[in-house]
Every structure is written in structure tokens, then in C-alpha cells.
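Subject: The structure I promised you

Hi,

Here is the structure we talked about, with the sequence alongside. Have a look through it first, then read on for what turned up.

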Amino acid sequence: MVYFIAVPEQCLCKILREGYKPQKRSFIPASADQASALRAFKNRYPEEKAACIKLLCLPRDVIAVKDSCGGIRIRSTHVSASLLRLAPSSDVDRAICRLRQAAKTGNEVQLNQACDDAEIAGVAVTEVSSFRRQARTIQTEKQLESAIQQGDADDFQAQSAEAACHKLAKNADFDVQLVLAQQASACCKNAQRVAQRIH
């Protein structure tokens, strides 16, 4: 049976070169599949980026037992590097691709599902957060564009557009506030011109 072990990405090369030695435990935490191993790692270390290695077989005289959470404990304090291989990263690559597509559409449901899948696949929390910010920016820009179009309609819509722009810029993430504020200002000026023209 093949076992999967999630490890900090920064320790990956050393583990593949020297073998796996648990630092604080008398056993090695493992899982029966790659997704479960990465999920367990992210639950314990949400801020760290994970990599996954395969244990091709158990060393002689070493046993593996299931724990109460559904994981596997390999009762060993060292596994030779000759038994370890890097697990394919295709799950991570696919997860990032789905994240990128969902962020571009700005669809909140698709984005939340893609973020959940990405975290399970082992994508870093900071990377997932950056895609969330990108999606929120796209959503806000679409709302601003809609507000500008509504502002061209009549006096009432022009005033509504002005209020909407201020609200959207205020609620935006800090890193996009300047751009949104500039867009909101342009929209408000356009709405005021429309209102004056109508009067």
C-alpha cells in the first residue's frame, strides 16, 4: 500500500534527500490519498504551503494504524529517503487554474468552490486570498460600470449612481480603493453632468 505524507514545502528537498524524521512525535502522520493528507496539513498549519510525498511501502518491522480522525499513524521515527517519492502536483496546478478562471468571472459561488478545492489541494492561503481580492475587484468594477450606465438614464438614476459609486469605493479592499475611488469620482461627475443636462 502507498501512503501519502504532507510536509512543509520548504522542507521537501531535505526530506527527499535525508528521509522523514518526525520532530515532535513518535509516529509519522499519513493518509491513504493525497487530498486527505493535504487537508489534514492545512487544518493544522493553515498559513504554510504544503507539498506531498509518497511512501512507497512500509519499512521492515514498521506498522501503520488508523487514528480516531481517519488518518494513519506510521509508527516509526525515521523513514529512509529511498522509500519516498514526490507526489504529482497536478492537483495543485488544476486547483490554481480553476481559481484563476473563477476569479476572472467574478462569480462568487464558483469562486468559493474553487477556493475550497484549492485549500484542500494544498494551495497556500495567501495565494487563495489574492484570487479572492482579484474577484472582488472585478465584481466591484462591474457594479461601477452598471452604475455609470444607469446614471446616463435620468436624473433619479444619476443620483443613485453617485451614491452607489461612493459606497462601492468605501467598501473595497484597501489595495484597490484608489483605483475605485478614481472611477467613482468619474462616474459621479458624469452623473452630475447628466442631471444638469436633464434640468
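Let's start from the outside: the accessible surface of the chain comes to about 11,900 Å², and 51% of that belongs to carbon and sulfur atoms. Do keep in mind that this is a predicted model. The chain has 199 residues, and 38% of them count as buried.

Now for the overall layout. You should find seven helices and six strands. If you walk along the sequence, they come in the pattern β-α-β-α-β-β-β-β-α-α-α-α-α. There is also a number for how the chain folds back on itself: take the contacts between residues at least 6 apart in sequence, and 71% of them join residues at least 24 apart.

Next, the strands. As general background, strands of a sheet pair through backbone hydrogen bonds, and they can do so in parallel or antiparallel fashion. Here, β2, β5 and β4 make an open sheet of three strands, in the order β2-β5-β4, with antiparallel pairing. Which strands sit at the edges? They are β2 (28–30) and β4 (64–66), each of which pairs on one side only. From one strand to the next, the twist averages 30°. Zoom in on β4 and β5 (residues 72–74) and you'll see an antiparallel pair joined by three bridges. One residue to click on is V65, whose bridge partner in β5 is R73.

β1 and β3 are another antiparallel pair, this time over six bridges. In that pairing, V7 stands opposite A51 of β3. β1 is also mostly covered, with five of its six residues buried.

That brings us to the inside. The largest nonpolar core holds 17 residues, and I5, V7, Y20, I53, L55 and I74 are the ones with the most contacts inside it. Which elements give two or more residues to this core? Those are β1 (3–8), α1 (12–18), β2, β3 (50–55) and β5. L55 is a good one to select and explore: setting aside neighbours within four places in sequence, L55 is in contact with M1, V2, Y3, I5, I74, V79, L83 and L84. There is a second, separate core too, with 12 residues, including I96, A102, A103 and A118.

Two more residues to look up before you close the viewer. S31 is in the loop between β2 and α2 (34–44). Is S31 buried or exposed? S31 has a relative accessibility of 7%, so it counts as buried, the cut-off being under 20%. Leaving out residues up to four places away in sequence, S31 touches Y3, F4, S36, A37 and I72. With A37 there is a polar detail as well: a polar atom of the S31 side chain lies 3.4 Å from the backbone nitrogen of A37.

The other one is A35, which lies in helix α2. A35 has a relative accessible area of 29%, so it is partly exposed. Try putting a distance line between its C-alpha atom and that of E119: they are separated by 9.8 Å, even though the two residues are 84 apart along the chain.

That's the tour. Write back with whatever puzzles you.

Cheers

Technical notes
Residues are numbered from 1 along each chain as its sequence is written. This is a predicted model: local features need pLDDT of at least 70, side-chain atom pairs count only at pLDDT 80 or more; totals for chains, interfaces and linings use all residues. Side-chain values use heavy atoms; hydrogens and water are left out. Two strands pair if DSSP finds at least two bridges between them. Helices (H or I, at least four residues) and strands (E, at least two) are DSSP runs, numbered from the N terminus. Axes are lines fitted to C-alpha atoms, for helices over the stretch in contact, and angles run from 0 to 180 degrees between N-to-C directions. A nonpolar core is a set of buried Ala, Val, Leu, Ile, Met, Phe, Trp, Tyr and Cys residues joined through side-chain atoms within 4.5 Å. Buried means under 20% relative accessible area, exposed over 50%, partly exposed in between (1.4 Å probe, protein chains only). Contact means heavy atoms within 4.5 Å. Accessible areas come from the Shrake-Rupley method with a 1.4 Å probe; for residues, only the protein chains shown count as cover. A polar contact is a pair of N or O atoms within 3.5 Å; within protein, one must be able to donate a hydrogen and the other to accept it, and residues adjacent in sequence count only if both atoms are side-chain atoms.
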